[in-house]
Amino acid sequence: MAASVATLAGADASITDEALDALRGQLEGQVLQPSDPGYGDVRATFNAMHDGKPALIVSCSGTADVAAAVSFAHEQGLAAAVRGGGHSIAGLSAIDGGLLIDLAPMNAVDVDPGTRRARVEGGAIWADVDSATQEHGLVTPGGVVSDTGIAGLTLGGGYGWLRRKLGLSCDHVVEAEVVCADGEVRTASEESNPDLYWALRGGGGNFGIVTSFTFQLHQLGPEVAFAAVMYPIEEVGDVLRGWREYVEQAPDEVTSTCVTITFPAAPDLPEVVHNRAVAVIGGVYFGDVEEGLELMQPLRELGTVVFDMSGPTPYIGVQSGFDALFPRATLRAYWKSQYLEELSDGAIDAIASRAQDRPFPLTLVNTFHMGGAIAEVGEEDTAFAERTPQYMVSIDGMWTDPADDEANVAWVRQTWDRVGEFGTGAVYLNFMGLAEEAPDAGVDSALGWNLQRLAQIKAKYDPDNFFRVNNNIKPA
């Protein structure tokens, strides 16, 4: 059946049956229209605000399928979005009326324990990577929710539980296979297309579709020292002050975060925290388990303990520990972030005040300790520029009722403004909110002086800005 598909020019184009059949003939994967069986089975997005209703989906089984989809879309002038893990908060892995290039079937992970490298396809999620690498007692730094896609997280930087010892996910990419806007497949590494390799590590999805990443791996696991202590939300100010004192003298092997949340009355959670607002202090030690637990003991003594889950924990368990709080296609989400050079008393007061006034139980106000290996990479060594701030605060608005959209978005913005009084003004691109905010609320501040170089690279590999459903960089 012919399809009416949105174009880059704004109008719809009628794609004939013959053209669709020709595309199908080039693919091992599927071309799906809304009436086709399987259309509704495509991997859902995380953010229920941005589910998207594409007119066409190309479900790709490999790099050749991706190249064929890009060439087809480019030739027809179609508006296209790319879905790897589908976890974009701003809805950048969804599209209405256009073409969705879906990488979910491409989730293979090939680990070489001898070279300590893993080749990971672009549709994989971090659970796929962690499972495969932990079979060999190896890791690469990923996110903090294992259902997150590896591609979006890595292209935007990538903070996780090992950030202070190992840095960002993008810092461990040694090679990438990329389908560019002309449909050509290129290798990006230090030796091959080094400008593209530089841009991919922090510049987002502006330069092509990465069909595979090769990551450097490190030995850790299967168990790690994990601190996970819940304190009453009423004590969050004092807890943050004690936490600040600890993390600022802790070695780089310790990565720690403070999360404020109201836990649901779920059967797999201890009854003492059911519907209880708490400040959760989490920490992971990169190294010997017993040594790490002893070193992180002060994190367990910051106030009145509501519940303490600390102890030797499987690394995979740490990585997936927050998954249940982030179900797909359920929560409506609007996030914003702010970097801080220091965690002053004034900043703590602002964070504590807003954390105790969250409008929905699963809305989070989080404080991340940064530094360590993140700052060991120069601000211009990769496209990811924000290397020196010691803290980041993220305000993760999450709720369920569409009628509450306006109020929750407003609360997040007000909180961001309040914390911003103590911030640098720069933001983390992976924690952006609504897609329409991106042009004036993050790209410039997140990429800094690197933006000019990125625009030049964009002009080289995507001069027509075909890849524009992203935190977009205009071609120079």
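**Helices α7, α10, α2 and α3**

Helix α7 and helix α10 cross in a right-handed sense (the near helix is turned clockwise from the far one by less than a right angle; anticlockwise would be left-handed). This comes from a predicted model, in which local features need pLDDT of at least 70, side-chain atom pairs count only at pLDDT 80 or more, and totals for chains, interfaces and linings use all residues. Residues are numbered from 1 along each chain as its sequence is written, and side-chain values use heavy atoms, with hydrogens and water left out.

The contact (heavy atoms within 4.5 Å) brings Val236, Gly237, Leu240, Arg241 and Arg244 of α7 up against Asp345, Ile348, Asp349, Ile351 and Ala352 of α10. Sorted by type, the residues of this contact are five nonpolar, one polar and four charged.

Helix α2 covers residues 63–76; helices here are DSSP runs of H or I, at least four residues, and strands are runs of E, at least two, numbered from the N terminus. Its 14 residues should span 20 Å at 1.5 Å a residue (times one less than the number of residues), and the end C-alpha atoms are indeed 20 Å apart. Buried residues (under 20% relative accessible area, 1.4 Å probe, protein chains only) of α2 include Val66, Ala67, Ala68, Ala69, Val70 and Phe72. Right after α2 sits Gly77, with a positive phi near 70 degrees.

In helix α3 (residues 126–134), the buried set is Trp126, Val129, Asp130, Ala132, Thr133 and Gln134. Their cover includes strands β7 (109–112), β8 (117–121), β9 (138–139) and β12 (209–216), along with helices α4 (150–155) and α9 (315–320).

Terms used:
Buried < 20%, exposed > 50% of the residue type's maximum accessible area, 1.4 Å probe, protein only. Nonpolar A, V, L, I, M, F, W, Y, C, P; charged D, E, K, R; others polar.
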